[in-house]
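Hi,

Here is the structure for you to look over. My notes follow below it.

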Amino acid sequence: MPEYKAPQRDMQFVLNEVLDVENHYQNLPGCDEATPDMVAAIMEEGAKFAERVLSPLNQVGDQQGCQFNDGQVTTPDGFKEAYQQFVEGGWPSLAHDPQWGGQGLPESLGILINEMVGTANWSWSMYPGLSHGAMNTLEAHGTDQQKQTYLTKLVSGEWTGTMCLTEPHCGTDLGMLRTKAEPQADGSYKVSGTKIFISAGEHDMADNIVHIVLARLPDAPEGTKGISLFIVPKFLPTADGGVGERNGVSCGSIEHKMGIHGNSTCVMNFDGATGFLIGPPNKGLNCMFTFMNTARLGTALQGLAHAEWGFQNSLTYAKERLQMRSLTGPKAPDRAADPIIVHPEVRKLLLTQKAIAEGGRALIYLSALQVDKAHMAEDPAERAEADGLLAFLTPIAKAFLTELGFESANHGLQVYGGHGYISEWGMEQNVRDSRISMLYEGTTQIQALDLLGRKVLMTQGEALKGFTKIVHKFCQAHSDEQPMQEFLEPLNKLNKEWGELTMKIGMKAMQNRDEVGAASVDYLMYSGYVTLAYLWARMAQVAQQKLAAGEGDTAFYQAKLTTARFYFQRLLPRTRSLVETMLSGADNLMALDEDHFQF
Amino acid sequence: MKVLVAVKRVLDHNVKVRVKSDHSDVDLTNIKMALNPFCEIAVEEAVRLKEAGIATEVVVMSIGPKAVQEQIRTALALGADRGIQIETDTMPESLSVAKLIAKVVEDERPSLIILGKQAIDSDNNQTGQMLAALTGMGQGTFASDVEIQDNEALVTREVDGGLQTVALRLPAIVTSDLRLNEPRYASLPNIMKAKKKPLDVKSAAELGIELRAHTELLKVEPPAERQGGIKVASVEELVDKLKNEAKVI
């Protein structure tokens, strides 16, 4: 059976040694509780829960799936009990305001816990994950009374939440949505319409479910400027905060999916359900976008999760599976054959997963620290800077990491040979579960348009410059360290090329807007490889420094350096092919007549 | 009723143990450390007694360098009320540990002292017994059940032949076995509260105990690596090998 062990040494390395999180928390108001010993204790306990409670349920969730029966959804065996334990542990309250029952810890610490919870069991992690989205929305835009009624119950974990956006005819383009909200004499609204793909929309894990719903008021303008945000609880709360009358919202069915079987993906029918407006009318989408980056970062995490899960298990297998002899002569002469880890191509599969998981961890944590700063920094300029950097990194992290997370999951399966295709080993589940991450929270293609169109070109390259400057400064700061040259030289070159490529595409786009779309995914992937190269260079720099200082843990730092080298020599050269394709123009995509695709 | 729990910092039971290249000791540099599993069970038992309204205060102590405060905090996060660290440069051996605990017992006057039956690093299984001798208290070792009635502790012990129940007059000493309970997970709010709970630091010298080594560690060697197995063609061959090569029958 596949297993998960939280890679705490590596998590500590990125947090403390690369990103200096101690300093980061000390400089943020209200984060003084997050001292290194506290962070370590929280990580340790989160790891126990992920390893011992959630990881053993991952395969159960896939095999049993959720069952739908007459509006009721039953989650797989053990899911409900695990959620109960999660609530008793106080985990839902981690990053929320103490005024509403939260622990007031920084969001980045929550992301750290989510990494372990999500890697151990992604399907399960989505139930509290969606609640977190609903909580963030209520915390930012709800009235005090709404917070008292709903937020406190979500923070304690007694109730869970959802985000209801998608409708059958509109996913990416929310301007088309039709769900209506009719004002009532008592100030509430009657919400009617159908929402689909609602994760955790119905289940048996909590007493009540709080839906955050996008809908239109009767006099709303067309398009995205006419969308408002509503709270629609499954059961209407009683005056004393308990669970009251059943509301007019019900689950019509659940989807049969390729993966994440343990999570219920629901069709939700709203039939004149009582709802309550959150935030100003017609500003629903703006309210929702407050946390879009955080939510997308949560999905980026899924790329890391599947890479890590695949890596850990395929590594164990590669060391145990005896088959063939090493090309350079037997390595385990006393055994029937050598373990397959002796073969270069098996190592390539393993190292790719390792480089993506560890590099991805650094990218996620770096982004998570920007979330903290964007919300909590005292200086408004620092807040704005962090917000800008987060906005730039989000589409890269989301699309690039989930694409490579899927690739890594496939490599994990590949290491097992034919056994990878057999369910029992858990590797094919990992591939299936990872596939959704490139679709929801904006597909790779949408993220690419967001990056190149909105974030880079619409700011006249400012957002990009902000980041390339950071990379440039890093290269400058270590330019006199001889052993760093093998990393800094290529990184510097790519960092310059990044700007030049952007200029070239920008020029072409002035003639033809399709040039943006045609270059976008290649551009995003290129950006991803360069961003990860920057983080690998930073990790290599720390490793070299520690080795030079001779502070011990030599094997760990050596492995870091070797993996950095692998990344620079085996993965980073993919940028060469991406440069060629991204500059090849829109014509090779647009020239074929729509009617001629069939020939 | 006050309960004292003494806990030890040991290497995490999930960690693969490495021996130093000069064979002088186990290599602990950058190794993940944790609360000794039997001590964790001892803490859990004390916290359950408090939750049941039997104990009024749970005090947890540990002996060693500053790093042992981590394990004291872990115990505080599980529900202990306050901590005591007896600061020493190295980890003293069992008799010194028992003497130090006996000093704390003298100061704190607990009605019940719970320890793990042994630590998973040195596997000595003697501190609880030594402490009983030093304090003159009754001992219930290898406990799989503890019940407090009036002024007595009824302790079910896991002995070779099965289970034995002893009644101990309080104050008494209990050492926990594996099946005494299943320790809980610390909750997030309790981890945060643990940091604010009082933790006193005292030195061994302050307690008037001289730390003395009665044993000398000569050499540490990893167990011999497992040899590859062989396939035998027949039952006769198997019996022959068991008789003449392995010499087990």
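**A hairpin in chain A, and the contact with chain B**

In chain A, F235(A) sits opposite R246(A), a residue of β9(A). Please keep in mind that this is a predicted model.

That pair belongs to two antiparallel strands. Strand β8 of chain A covers residues 235-237, and strand β9 of chain A covers residues 243-246. Two bridges join them. Together β8(A) and β9(A) make a hairpin, with five residues between the strands. In the turn, G241(A) has a positive phi of about 90°.

Now the interface. How many residues does each chain bring to the contact? Chain A gives 26 residues and chain B gives 14 residues. Between them the two chains bury about 1,700 Å². Carbon and sulfur atoms account for 59% of that area. On the chain A side, the most area is lost to chain B by M38(A), E45(A) and Q103(A). Together these three make up 28% of what that side buries.

Next, the polar part. There are four salt bridges between chain A and chain B. One of them links K32(B) to E44(A), with the closest N and O atoms 3.2 Å apart. Five residue pairs are in polar contact between the two chains, both residues at pLDDT 80 or more.

Which elements of chain A give two or more residues to the side that touches chain B? They are α3 (36-54) and α5 (79-88). The largest share, ten residues, comes from α3(A). By class, this side of chain A has eight nonpolar, eight polar and ten charged residues.

Best wishes

Definitions and conventions
Residues numbered from 1 in each chain as written. Chains lettered and ligands numbered in written order. Predicted model: local features only at pLDDT ≥ 70, side-chain atom pairs only at ≥ 80, totals over all residues. Heavy atoms only, no water. Contact = heavy atoms within 4.5 Å. Buried area = accessible area lost by both parts, 1.4 Å probe. Salt bridge = Lys/Arg side-chain N within 4 Å of Asp/Glu carboxyl O. Polar contact = N/O pair within 3.5 Å; in protein donor to acceptor, adjacent residues only side chain to side chain. Helix = DSSP H or I, 4+ residues; strand = E, 2+ residues; numbered from the N terminus. Nonpolar A, V, L, I, M, F, W, Y, C, P; charged D, E, K, R; others polar. Pairing = 2+ DSSP bridges.
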